[in-house]
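Got your viewer open? Here is a short tour, one selection at a time.

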Amino acid sequence: MAKLQSLDPNTPMFAQFKEKAGPIVLANTFFVPEGRTEEFMALFRRQAAFMKAQPGFVSLRMHQGVGDSRLLMNIAVWESTEALATAFARPEFQRMVAESPDDIVSYPHIFQQIDA
């Protein structure tokens, strides 16, 4: 299974699920070893198809780092943290998460919009 790392040690991913916020953006950056991008993307596409069918899902986009970067970043919009947490906890999704290779590192964090 992919290793989850917190971008902000004060607010790990599962603590963020407890916050009542919405709409929210899940920014999930993945480190994918060289030569593994296609394999990773095949699994990600299955996970994305599942999430797109869940209540509260709004949109998602995957981005790739430029140059020789090994980073991919998913930006997903959800109606609320509760909707995301519910979808994430579904056994079907957890089975797909368990399929992620051990050498993938995931850095998820939930954000909400503020006025600039």
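**Stop 1: a buried polar pair**

Select Asn28 and Ser106 and show their side chains: a polar contact of 2.7 Å joins them. Keep in mind as you go that this is a predicted model. Asn28 sits in strand β2, residues 24-31. Buried or exposed, what is Asn28? Asn28 counts as buried because its relative accessible area is 10%, and the cut-off for buried is under 20%. Now bring up what Asn28 touches beyond four places in sequence: Leu72, Met73, Asn74, Ser106, Tyr107 and Pro108.

**Stop 2: across to Asn74**

One of those contacts of Asn28 is Asn74, so select Asn74 next, in strand β4. Asn74 is buried too, with a relative accessibility of 7%. Leaving out residues up to four places away, Asn74 touches Leu26, Ala27, Asn28, Phe30, Phe44, Leu60, Arg61 and Met62.

**Stop 3: the largest pocket**

Switch on a pocket surface. Asn28 turns up again here: along with Gln47, Phe88, Phe93 and Val97, Asn28 is among the residues closest to the centre of the largest pocket, out of 27 that line it. The space in this pocket comes to about 440 Å³. Colour the lining by class and you get 21 nonpolar, six polar and no charged residues. Which element supplies the largest share of the lining? That is α2, with six residues. The elements giving two or more residues to the lining are α1, β2, α2, β4, α3, α4 and β5.

**Stop 4: the nonpolar core**

Hide the surface and pick Phe17, Phe40, Met51, Trp78, Leu84, Phe93 and Ile110. Of the 30 residues in the largest nonpolar core, these touch the most other members. At least two core residues come from each of β2, α2 (37-52), β3 (57-64), β4 (71-78), α3 (81-89) and α4 (91-98). The top contributor is α2, with seven residues. As background, nonpolar side chains in soluble globular proteins tend to be buried together.

**Stop 5: helix α3**

Select α3 and show its buried residues: Thr81, Ala83, Leu84, Ala85, Ala87 and Phe88. What covers them? Among the covering elements are α1, β2, α2, β4, α4 and β5 (105-111). Two residues of α3, Thr81 and Leu84, are also among the contacts of Ile110. The other contacts of Ile110 beyond four places in sequence are Met13, Gln16, Phe17, Ile24, Val25 and Leu26.

**Stop 6: the second largest pocket**

Stay with Ile110 and Thr81, since both help line the second largest pocket. Add the rest of the lining to your selection: Thr11, Gln16, Glu19, Lys20, Ala21, Ile24, His109, Phe111 and Gln112. The volume here is about 160 Å³. By class, the lining has four nonpolar, five polar and two charged residues. Strand β5 gives the most to the lining, with three residues.

**Stop 7: Ala21 and Gln112**

Finish on two residues from that lining, Ala21 and Gln112. How far apart are their C-alpha atoms? The separation is 7.3 Å, although their positions lie 91 residues apart along the chain numbering. Ala21 is in the loop between α1 (13-16) and β2. Besides Gln112, Ala21 is in contact with Glu79, Ser80 and Thr81, leaving aside neighbours within four places in sequence.

Technical notes
Residues are numbered from 1 along each chain as its sequence is written. This is a predicted model: local features need pLDDT of at least 70, side-chain atom pairs count only at pLDDT 80 or more; totals for chains, interfaces and linings use all residues. Side-chain values use heavy atoms; hydrogens and water are left out. Helices (H or I, at least four residues) and strands (E, at least two) are DSSP runs, numbered from the N terminus. Buried means under 20% relative accessible area, exposed over 50%, partly exposed in between (1.4 Å probe, protein chains only). A polar contact is a pair of N or O atoms within 3.5 Å; within protein, one must be able to donate a hydrogen and the other to accept it, and residues adjacent in sequence count only if both atoms are side-chain atoms. Contact means heavy atoms within 4.5 Å. A nonpolar core is a set of buried Ala, Val, Leu, Ile, Met, Phe, Trp, Tyr and Cys residues joined through side-chain atoms within 4.5 Å. On a 1 Å grid over the protein atoms alone, a cavity is a set of points where a 1.4 Å probe fits but cannot get out, and a pocket is an open set with protein on both sides within 12 Å along at least five of seven lines; lining residues have an atom within 4 Å of a point. Grid points are joined across faces, edges and corners, and a volume is the space filled by probe spheres set on the points. Ala, Val, Leu, Ile, Met, Phe, Trp, Tyr, Cys and Pro count as nonpolar, Asp, Glu, Lys and Arg as charged, and the others, Gly among them, as polar.
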